[in-house]
Amino acid sequence: MSSMMPRNLRGEAISRWVRLRQRFDDMETLRQRLDYQTGLLAAAGLLASLLLGVGDLATQGAIEQRQAEDLLATLEQVLPPDLHDNDLLHDVKTVSDTGLGETRVYLARKDGEVTAVAFRLSATGGYSGQIVLVMGVKADGTVLGVRVVAHAETPGLGDKIEIAKSDWILSFSGRSLDNTPEERWRVKKDGGDFDQFAGATITPRAVVGGVFRGLEFFRRHRIELMSAATGGQR
Amino acid sequence: MNPDFRKITRDGLWDNNIVFSQSIGLCPLLAVTGTATNGLGMGLATLAVMVVCNVLVSWVRVLIPSEIRIPVFVVLIAMVVTLVDMVMNAWLHEMHKVLGLFIPLIVTNCAILGRVEAYASRHPVAHAAMDGLMMGLGFTLALVVLGAAREALGAGTLFASARLLMGDSFAWLETTLIHGYRGFLLMALPPGGFLMLGFLLAGKKLIDKRLAARQRRSIAVGETLVET
């Protein structure tokens, strides 16, 4: 094949190859140098942080919007549409409570009157970590709905508290501190009103306890919440 | 197919499978294989990260001196995983809600560092990409098999809530094997993962032994044929 090539072209190919080899040999000595290694490590760190910064800037807005959409979707599941005509995400009152701490309460209004509230709370005592709930409570203190928004319970057992896996969580709707006395706010195994799952009692027990604490929280702040000014703090 | 690629495929899926042969990456493996669906999700997320990391490292491999390769690789992998997490959260939000839990776990998967270090840093980009793909597929396979075995014994179902991972068109994957099954808690918990992994490893060794025996026999037969 090489004999068919014109002489000058062949010569150029060879000299290019030699130059390439030389560069590669230089690379070999370069890689041994301490300043090169330090520089490369610094450059890798710099490049990574730069890319992460750019990535963060590029995705931040979209992520915040998705999270707001998620929150709104959850709020709308626990606050029926016929109870409100306001913008839920921007009608918020922050309440400091002895039991739940600082809690952001989302107010549902119809014609300016507070008809129901929704708030997030963490139930403790689960199988693994906290179970984060969002619950909606009507002005008269009955539960409109409860949803689990984050948990780390055992998949296949404790995760039946998710609405996507089981409708167990709907069993709280319509309950209140008035129609269900304190000693009935337990799972059936402990002598209460709520089902446990086959093989998993700890998780439902924690959720029942959490909802009960949520209702107590609402009772403590009912008057304050019902008379909250429109708009509230954001 | 290129013979190199055929060997890479064989290594990734069976001969040198990350889980069944190398026995690495067991932390995320045991953490998520409670169900086949979770195994599949983690497997696919790992596969994506593995391909990207392998290509990236193979691409810049000439620049990286061996003395500092490990910290450079770790920085690169952590960066890729974080970027994947952010991008999925922003634009594949529904999928992120399901897989989001697993993505930070990928950083703890030493199999990625292992492939980058043992393969990608010594081979051209195309080979490294293929290796990432096949090793990732092999890992996915192991996760799905282990998840399916644990789920079948633990809850009597297969691919429960696959819908949440892949959309309603995959609802047909969800099967209940045993109706009214009471569940076997041990299998759903991490110790069950170890037990099942042990059985699967033993099973693989058994199959390999059979294959080797058959190969020996056929070689012996071939030799007698040559002699006659």
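What share of the contacts in chain A with a separation of 6 or more comes from residues 24 or more positions apart? It's 53%, where a contact means two residues whose C-beta atoms, placed from the backbone, lie within 7 Å.

Before you click around, note that this is a predicted model, in which local features need pLDDT of at least 70, side-chain atom pairs count only at pLDDT 80 or more, and totals for chains, interfaces and linings use all residues. Residues are numbered from 1 along each chain as its sequence is written, while chains are lettered from A and ligands numbered from 1 in the order in which they are written.

**Stop 1: the whole chain.** Select chain A and zoom out. Its C-alpha atoms fill a box of roughly 100 × 45 × 40 Å along the principal axes. The radius of gyration is 31 Å, whereas a compact globule of 234 residues would have one near 17 Å (taken over C-alpha atoms; the globule rule is 2.2 Å times the number of residues to the power 0.38).

**Stop 2: two domains.** Colour residues 2-64 as domain 1 and 76-226 as domain 2; these bounds come from an automatic or database domain assignment. Over C-alpha atoms, the two centres sit 57 Å apart.

**Stop 3: cartoon view.** You should find 3 helices and 5 strands, in the order α-α-β-β-β-β-β-α from the N terminus. Both kinds are DSSP runs numbered from the N terminus: helices are H or I with at least four residues, strands are E with at least two.

**Stop 4: the first hairpin.** Select 92-97 (β1) and 101-110 (β2) of chain A, an antiparallel pair with 6 bridges. Strands count as paired if DSSP finds at least two bridges between them. A hairpin of 3 residues links β1(A) to β2(A). Click Val95(A), and look across to its bridge partner, Thr103(A).

**Stop 5: on to β3.** β2(A) also pairs with β3(A), again antiparallel over 6 bridges. Here the hairpin has 2 residues between the strands, and Asp111(A) in the turn shows a positive phi of about 50°. Try Arg109(A) next: Val114(A) in β3(A) stands opposite.

**Stop 6: a covered strand.** Now select β3 itself, residues 113-123 of chain A. Is this strand mostly covered or uncovered? It is mostly covered, with 9 of its 11 residues buried (20 or more other C-beta atoms within 10 Å of a residue's own; 12 or fewer is exposed, in between is partly exposed; C-beta atoms are placed from the backbone). Across the 234 residues of chain A, 29% count as buried.

**Last stop: β4.** Add residues 131-138, which pair with β3(A) in the antiparallel sense over 8 bridges. Finish at Val117(A), whose bridge partner in β4(A) is Val137(A).
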